[in-house]
Amino acid sequence: MELLCCEVDPVRRAVPDRNLLDDRVLQNLLTIEERYLPQCSYFKCVQKDIQPYMRRMVATWMLEVCEEQKCEEEVFPLAMNYLDRFLAGVPTPKTHLQLLGAVCMFLASKLKETIPLTAEKLCIYTDNSIKPQELLEWELVVLGKLKWNLAAVTPHDFIEHILRKLPQQREKLSLIRKHAQTFIALCATDFKFAMYPPSMIATGSVGAAICGLQQDEEVSSLTCDALTELLAKITNTDVDCLKACQEQIEAVLLNSLQQFRQEQRDGSKSEDELDQATTPTDVRDIDL
Amino acid sequence: MSQPPGDTCPVPRSSKACRCLFGPVDSEQLRRDCDALMASCLQEARQRWNFDFLTETPLEGDFAWERVRGLGIPKLYLSPGSCGSGGRDDTGGGGRRPSPSAAALLQGTMAQEDHVDLSLTCTLVSQPSEQPEGSLGGPGTSQSRKRRQTSMTDFYHSKRRRIFCKRKP
């Protein structure tokens, strides 16, 4: 008797719905996206204890947790959106920052995933420095301060809308999508991008992904400049703004690659550490 | 802290992601800050809806509150009501808070009986607004949104530290 053994993905996914990819939806996303941006650049006007490098620390940790837990791609950027919106309104001591990050992942995961992260697991990831009970109480605090407005627009919401309007060979799409998603995650770790409209980050990320891939193989029939113009048209973005945004995105990648190589050099003493580099795995696949 | 069996993605034993980033967390300070922030949310909600959610009394303001009965709402969404006196977390056993613990509320262990009489609806009355009639003020558009009939029932729980602010993201 022959037996077939299949591994079944425990997550059941809905098939893509074409109706959600039409222009009406894109226009609505563009109309409402700004409502979910943080209200101010909070390091200047709200926070006294928290410094930009601390945001980077907590963001890097959150990204590691999301990757290790194989969260959906949107969970991390959405959690960062919650974190930024909370910090834009509430002065917070740095000792609460990791708890806040955990709460934001907890909420984003519940909103976006069929099997969400548990409070217990998130507490383990803080090295048990917080208790599940505290996480649940702060969940209510964060919900209250966000006015229960959790369905924020993220750059991921625009990716499919953009990709389907590009003159692209189908077989390259998944690679472009994967790289664009990595760029989006990178942007979320950098405060520079926190106040940018998600559509601009999405457009810049797709542009950076295609231009990056273009160097090795033909993925697009368009030149980089023509591509930028087309992208700008799709999301009604100013061409120069988009160019600047894409350059910033590429700079962030370069930065994070250098950081990774540095860590690799430092970490070569111990192989253990090498596995645990804080740079997202996917970035290593990208060549500038 | 143990992980449930059958977890599809357990925390790896030696995960480097398990780390405390900014030193020890002061539980007492967390508690104080949590209480203060919840109180401020409650205060915002009180002003937003001209309703005192702690004592469940309508206040002077734009919304006219009226009691409704028999909406056939699932128990889960109803107020725990009088169970506060018999609530485990009120009296001791680890719970030091004056109000039911958030965890107990989230797990729904406090919901006991129907208290339909606590359901209320509110109607916005004569508010001067620059917005045209019927405009859809989504989240964050304007503080002076025009809403004909807002049923608060689903949000509404007594004696809970709850937040009802629905203005801006």
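What does the domain assignment of chain A give? It splits the chain into domain 1, covering 38-146, and domain 2, covering 155-251. Keep in mind that this is a predicted model.

**View 1. The two domains of chain A, side by side.** Here we're looking at domain 1 (38-146) and domain 2 (155-251) of chain A. Their C-alpha centres lie 26 Å apart. On the contact count, 15 residues of domain 1 of chain A touch eleven residues of domain 2 of chain A.

**View 2. What gets buried between domain 1 and domain 2 of chain A.** Together the two domains of chain A bury about 1,100 Å², and 71% of that sits on carbon and sulfur atoms. On the domain 1 side, the residues to look for are A:R55, A:E73 and A:P77, which lose the most area to domain 2 of chain A. Between them, these three account for 37% of what the domain 1 side buries.

**View 3. Polar links across the same domain interface of chain A.** If you go hunting for salt bridges between domain 1 and domain 2 of chain A, the rule finds zero. Polar contacts do turn up: three residue pairs across this interface, with both residues at pLDDT 80 or more.

**View 4. The aromatic cluster around A:Y42.** Over all chains, the structure holds seven aromatic pairs. One of them joins A:Y42 and A:F43, whose ring centres are 4.7 Å apart with planes at 50 degrees, so this pair is tilted. A:Y42 and A:F43 are both buried. Add A:F191 and you have a cluster, with ring pairs linking A:Y42, A:F43 and A:F191.

**View 5. A:F193 meets A:Y196.** This is another ring pair, with centres 5.4 Å apart. The planes of A:F193 and A:Y196 stand at 80 degrees, so the pair counts as edge-to-face. Is each partner buried or exposed? A:F193 has a relative accessibility of 2%, so this residue counts as buried. A:Y196 has a relative accessible area of 22%, and with the cut-off for buried at under 20%, A:Y196 is partly exposed.

**View 6. An arginine over a tryptophan in chain B.** Hop over to chain B for this one: B:R48 lies over the face of B:W49. The distance from B:R48 to the ring centre of B:W49 is 4.6 Å.

Definitions and conventions
Residues numbered from 1 in each chain as written. Chains lettered and ligands numbered in written order. Predicted model: local features only at pLDDT ≥ 70, side-chain atom pairs only at ≥ 80, totals over all residues. Heavy atoms only, no water. Phe/Tyr/Trp six-rings, centres within 6.5 Å; stacked < 30°, edge-to-face > 60°. Buried < 20%, exposed > 50% of the residue type's maximum accessible area, 1.4 Å probe, protein only. Lys NZ or Arg CZ within 6 Å of the ring centre and 35° of its normal. Domains from an automatic or database assignment. Contact = heavy atoms within 4.5 Å. Buried area = accessible area lost by both parts, 1.4 Å probe. Salt bridge = Lys/Arg side-chain N within 4 Å of Asp/Glu carboxyl O. Polar contact = N/O pair within 3.5 Å; in protein donor to acceptor, adjacent residues only side chain to side chain.
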